[in-house]
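Work through the exercises below with the model open. Each task is followed by its solution in steps.

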Amino acid sequence: MSVEERPPTYVSNVQLNVDPSERPKMPAGCPPPHDSRSTDSEPQYSEECCVELENVTVKFRLSEAEIVAQVYPNCLTLAEVKQDMARKFEVDPGLLVLRQYGETLCDALPLNSTALDEFGIHEFQLNAKGPAGSENSAQIKLDLNVYYDKHRLADFITVHISGDDTQDGEPKNVVVEIENAAIVKPFLCGYRDKNSGIEYLDAFTQTGPYFDKMKFRRYKTRDTQTWEQKEKTLNTAHEQSVQCHLDGINIMYVSAAHDFTIVPGKYQSFAQKERAERRLEKIRLIQRNWRRWILWKYIHIRAQEYRRLVKNRELEDERYEKCVEKRVERHRAVKQFPRTKDDFDLLLAEVGRWKKAELKRITANYEGPARIAEVNILLDKEIQLLNGVERQRYLVFKAMEDFRNDQLLKEMGKPIEWIGYKDCKIHLDLLSTQRVRFLTEIYKDLRKPRNRVDRLDFLRQVMAVICDEACFPNFPELFDLFDREKNLLLYSKSFDVEILRKRQNMLFFDLIKFQKEGSTKRTPSRMCIVCKKVKTYAEFAIRTRQSHVDTCKHCYYLKLTATENTVYQSILRCIHRDERKRKCTTSFAFVMQPDDVRHIIDKIWHGHSALSKSENLSELRLPRWNKNDDWAPWNCICLTERETRHHYKIDDIEKVYDPKFILHIGNLHMLARSLFHTLAAVAVEFQETGQWWKVGMNQHRSSKLEAI
């Protein structure tokens, strides 16, 4: 029942259940109790004060951080409250002092006459003073451990209910008691020590008693003090025969044929005898623990190895994914901003794949005249795409023209280098290379923007320099161009010399390339059978499958379909890297070209992996079929990158692969040997004659094969 529902009860006085002799006496000079809720202007002095009985919460502040709360009837006096708190703190009630707002309160003052806060809580400051006649009041200290340990007290809280949540609309304060639901441990059993008087109680724990593994050995020990020794007389199991005199005449003789002499040995106690009997058991225990430790160590080593392999596999997969992401980003950037021939071949290959997909869609969805119309529309779109690619190629070619000219001049100005005696690198700087470097610096200054005065001074210096190049065929025109620009700068106010300067740069570039002394050495050349033009051998396509040089590079690549040459170049680089790791410098991989790799993948392996049939060119590789032999077109297999790593872990191919699969790979190797028969014949000739090591070697140089 809450405070609101309890009917009002009026009492005259309520005292604790204490002895009357211990009840506090009202000292002289204490005022009578005063009701703070009274509305009269003057206090009413009477022997009995009628108040409404209710429980109130009382807080005792021992210090800034220590607070104790109790619930008392509002009719109790402070002396009775001090009597109760002294009993709980185990101190003398006369030593307790209650203060409120810094003033010491009288013991006869009731609780309802003290000040309370907005929630109806009476808060006091509880202190202890020293005994009578003692100057040091700090000797008495109120210990909360005594308060909480020896008295199981319930907790109380005051809940303030606003007027919005009550039925009558008035705010109320309700005292709520928090019940302690702790489990009380039952009393099982115990005993009391006669000497000390200490009680020992039995109790159970979650962990059971220690299991004695040696209990079955039947130790003869006194485990407790309740052992009682008892003596018992025992007779022998049977009568024993002895040699004795029957009488003076008759003597009984016992045969001594089976008698034997017992010689006492070294004394052995019972513990030593039992230890000797348990020796074999201890040996087995040591062996069992040793084997257990060996197994534990083996498991830990294998687990560590497993974690290492898993971590390596995760790192490898992460590295592979990063490589794939970089490749995709690189292809995306190349398609947006193509620069080289391989980049434009990649775009043309994309156009080719798009055309095949559109033709497949048209064939599946249209027939008759509708198909012809769709094919014509597709042809127009393809022409537009190809024109756009060629237009971009022309723009890139023009934009890179200055860069190519600078690279050409840089190569022409380099001194001649070769390796001489004892691997000494020799540089020969000719007058022609010095001339090229000097004129190149002037050529770079010609293209820089200058003001009128600096340009005139620079033109005078250039005209003085080119006077030494009178043997140049276009010298008069070049000198005239510089003279015309100088006159324009001197006598004209508005002029446009951009076209004039472009022509100057072109002629000056030709002047740098011009050689005063004509070369007596004739460059080997040949006529292309397709375009009928005479070109040097450097401009002809070289392939390992050809028997003679007949087609130039331009005409040869016109016959081929646009392919992703960068993919085949990356496959060839992987082959080179693997052969260098194996120190196989005589492998055919170093004479193969990207076009040969494309031919091997497309014509022999049909553009997919031999195991998983994957057609993703960016993942295909050409590892060795037999890893103990050098790489060759007839000793390789088309696999993905992951399959290649697993393939190189195989020691015996015949134990892993199916015989039908091995036969199929052998047939493809025979096809590769027939396609590259020229390369095979050259290999046999050089290897059998021993002239392979002389190819590309410098006779004046001592080469070390270990350093290759």
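**Exercise 1. Place Leu-428 and find the patch it belongs to.**

Step 1. Leu-428 sits in strand β15; strands (E, at least two residues) and helices (H or I, at least four) are DSSP runs numbered from the N terminus.
Step 2. The model is predicted: local features need pLDDT of at least 70, side-chain atom pairs count only at pLDDT 80 or more, and totals for chains, interfaces and linings use all residues. Numbering runs from 1 along each chain as its sequence is written, and side-chain values use heavy atoms, without hydrogens and water.
Step 3. Leu-428 counts as partly exposed because its relative accessibility is 37%; buried is under 20%, exposed over 50%, partly exposed in between (1.4 Å probe, protein chains only).
Step 4. Leu-428 joins Ile-416, Trp-418, Ile-426 and Leu-430 in a nonpolar surface patch of about 390 Å². Patch residues have over 30% relative accessible area and no salt bridge, with nonpolar side chains (Val, Leu, Ile, Met, Phe, Trp, Tyr) joined within 5 Å and like charges within 9 Å.
Step 5. β14 (416-419) and β15 (425-428) each supply at least two of the patch residues.

**Exercise 2. Describe the lining of the largest pocket.**

Step 1. The volume is about 1100 Å³. A pocket is an open set of points on a 1 Å grid where a 1.4 Å probe fits, with protein on both sides within 12 Å along at least five of seven lines; lining residues have an atom within 4 Å of a point.
Step 2. The lining has 33 residues, and Ser-570, Cys-574, Arg-577, Arg-621 and Glu-641 lie nearest the centre.
Step 3. α13 gives the most, 12 residues. α4 (279-336), α5 (341-365), α13 (565-581) and α15 (641-647) each supply at least two.
Step 4. By class, 15 lining residues are charged, 11 nonpolar and seven polar.

**Exercise 3. Which residue does Arg-455 pair with in a salt bridge?**

Step 1. The partner is Glu-485, at 2.9 Å from N to O. A salt bridge puts a side-chain nitrogen of Lys or Arg within 4 Å of a carboxyl oxygen of Asp or Glu.
Step 2. The pair links distant parts of the chain: Arg-455 is in helix α9 and Glu-485 in helix α10 (residues 475-491), 30 residues apart.
Step 3. Arg-455 is buried because its relative accessible area is 2%. Glu-485 is buried too, at 0%.

**Exercise 4. How far apart are Glu-350 and Arg-353 along helix α5?**

Step 1. They are three residues apart, so about one helical turn separates them.
Step 2. Their side chains meet in a salt bridge (2.5 Å, N to O).
Step 3. Glu-350 is partly exposed at 27%, and Arg-353 is partly exposed at 39%.

Notes
Areas by Shrake-Rupley, 256 points an atom, 1.4 Å probe, with all protein chains shown as cover. Points joined across faces, edges and corners; volume = space filled by probe spheres on them. Nonpolar A, V, L, I, M, F, W, Y, C, P; charged D, E, K, R; others polar.
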